[in-house]
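Welcome! Below is a guided look at one molecule, taken a few features at a time. Keep the view open as you read.

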Amino acid sequence: PEHSSARPERFLQLCADDPEYFPPEEEEFAIKQLSHINMIVANCSTPGNYFHILRRQIALPFRKPLVLMTPKSLLRHPECKSSFDEMLPGTEFKRMILDDGPAGSNPSAVKKVLICTGKVYYDLLKARREAGMEEQIAIHTIEQICPFPFDLMKKVTDEYCNAELCWVQEEHKNMGAWSYVQPRAQTAIGGYHRLLQYIGRETAPSPATGSKATHYKELKSFLDMAMSV
């Protein structure tokens with residue numbers, strides 16, 4: 001509740017990419033995006049992906065600033081772990097981690113797609129498990145926020161053609177990645193005929209309430225909203 005914020009929205013405002021420009025889908029899409037952007041902003045939700053983004057940063061043939069959001073709570077979170085198989089030769093950084101559970105195996109039957117970044121991913125996994133909604137709700141996490149994974153977002157929206165699309169964040173609406181993600185997601189979708197909905201805290205001047213009871217009440221409120229279909 002006494003919540004410090006790394007202000008990801010301020011770093012994302014410094015990123016000089018056009019929200020309405022979908023780069024050509026061609027070979028080496030991801031590396032070309034990196035070469036054209038002025039900085040990289042990421043929020044890794046697994047140790048394996050954290051390892052890969054640091055390794056990629058060293059191995060890149062050019063230098064670009066890398067901003068990583070790393071919440072302390074994931075250092076001790078029991079579900080935040082990776083198999084060594086995810087760090088063997090032949091593996092690489094995942095710009096988006098897509099749902100590989102029951103929902104991911106039958107996308108056309110999914111009713112709701114939740115897209116998020118960072119540690120709220122684990123809150124959503126727990127809420128979905130407790131609600132028994134593994135087949136109705138898919139959860140994907142964006143690991144590299146900038147440059148935006150237009151190609152992967154397009155793939156998700158095409159595959160989950162019958163589902164409601166929602167962005168979930170624990171930050172207030174005027175903070176976090178929402179203002180950066182929303183126009184770029186609409187570009188990936190191909191227009192505003194299908195909208196990415198917002199789920200999270202309402203706008204506020206402070207990053208936290210300062211009250212533990214109010215904090216958990218807000219958390220329960222947006223998790224309940226995320227689990228409703």
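## Before we start

Helices (H or I, at least four residues) and strands (E, at least two) are DSSP runs, numbered from the N terminus. With that in hand, a place such as the loop between β6 and α6 (150-159) is easy to find, and Pro147 sits there. Please bear in mind that this is a predicted model.

## An unusual peptide bond

Let us stay with Pro147 for a moment. The peptide bond that joins Cys146 and Pro147 is cis, with omega at about 0°. Most peptide bonds are trans, which is a good reason to pause here.

## A three-stranded sheet

Which strands make up the open sheet, and in what order? There are 3 strands, arranged β2-β1-β6, and their pairing is mixed. The edges belong to β2 (66-68) and β6 (144-146), each of which pairs on one side only. From one strand to the next, the twist averages 30°.

Now look at the pairing of β1 with β2. Strand β1 covers residues 40-42, runs parallel to β2 and is joined to it by 3 bridges. To find one place where they meet, pick out Ala42: its bridge partner in β2 is Leu68.

## Helix α5

Next comes helix α5, which is made of the 12 residues 120-131. At 1.5 Å a residue, α5 should span 16 Å, and its end C-alpha atoms are indeed 16 Å apart, so the two values agree. Just after α5 comes Gly132, with a positive phi near 65°.

Which residues of α5 are buried? They are Val120, Tyr121, Tyr122, Leu124, Leu125, Ala127 and Arg128. Among the elements that cover these buried residues are the strands β4 (112-116), β5 (137-142) and β7 (164-172), together with the helix α8 (212-227). To follow the pattern along the helix, it helps to know that an α-helix has 3.6 residues a turn, so residues three or four places apart point the same way.

## Aromatic rings

How many aromatic pairs does a search of the whole structure find? The search finds 4. One of them joins Tyr121 and Tyr122, an edge-to-face pair with 5.2 Å from centre to centre and 65° between the planes. Why do both count as buried? Buried means under 20% relative accessible area; Tyr121 has 13%, so it qualifies, and Tyr122 qualifies because its value is 4%.

Phe148 and Phe150 also form an edge-to-face pair, with centres 5.2 Å apart and planes at 75°. Phe148 has a relative accessibility of 0% and counts as buried, as does Phe150 at 2%. Together with Phe22, Phe148 and Phe150 form one aromatic cluster.

A charged side chain meets a ring elsewhere: Arg184 lies over the face of Tyr180, at 3.6 Å from the ring centre.

## Two positive phi angles

Most residues other than glycine have a negative phi, so the next two residues deserve a look. Arg7 has a positive phi near 55° and belongs to the segment before α1 (8-13).

Glu28 has a positive phi too, near 65°. You can find Glu28 in the loop between α1 and α2 (29-36). Is Glu28 buried or exposed? With a relative accessible area of 53%, Glu28 is exposed, because exposed means over 50%.

Note on methods
Residues numbered from 1 in each chain as written. Predicted model: local features only at pLDDT ≥ 70, side-chain atom pairs only at ≥ 80, totals over all residues. Heavy atoms only, no water. Phe/Tyr/Trp six-rings, centres within 6.5 Å; stacked < 30°, edge-to-face > 60°. Buried < 20%, exposed > 50% of the residue type's maximum accessible area, 1.4 Å probe, protein only. Lys NZ or Arg CZ within 6 Å of the ring centre and 35° of its normal. Pairing = 2+ DSSP bridges. Axes fitted to C-alpha atoms, helices over the stretch in contact; angles between N-to-C directions. Expected span 1.5 Å × (residues − 1). Contact = heavy atoms within 4.5 Å.
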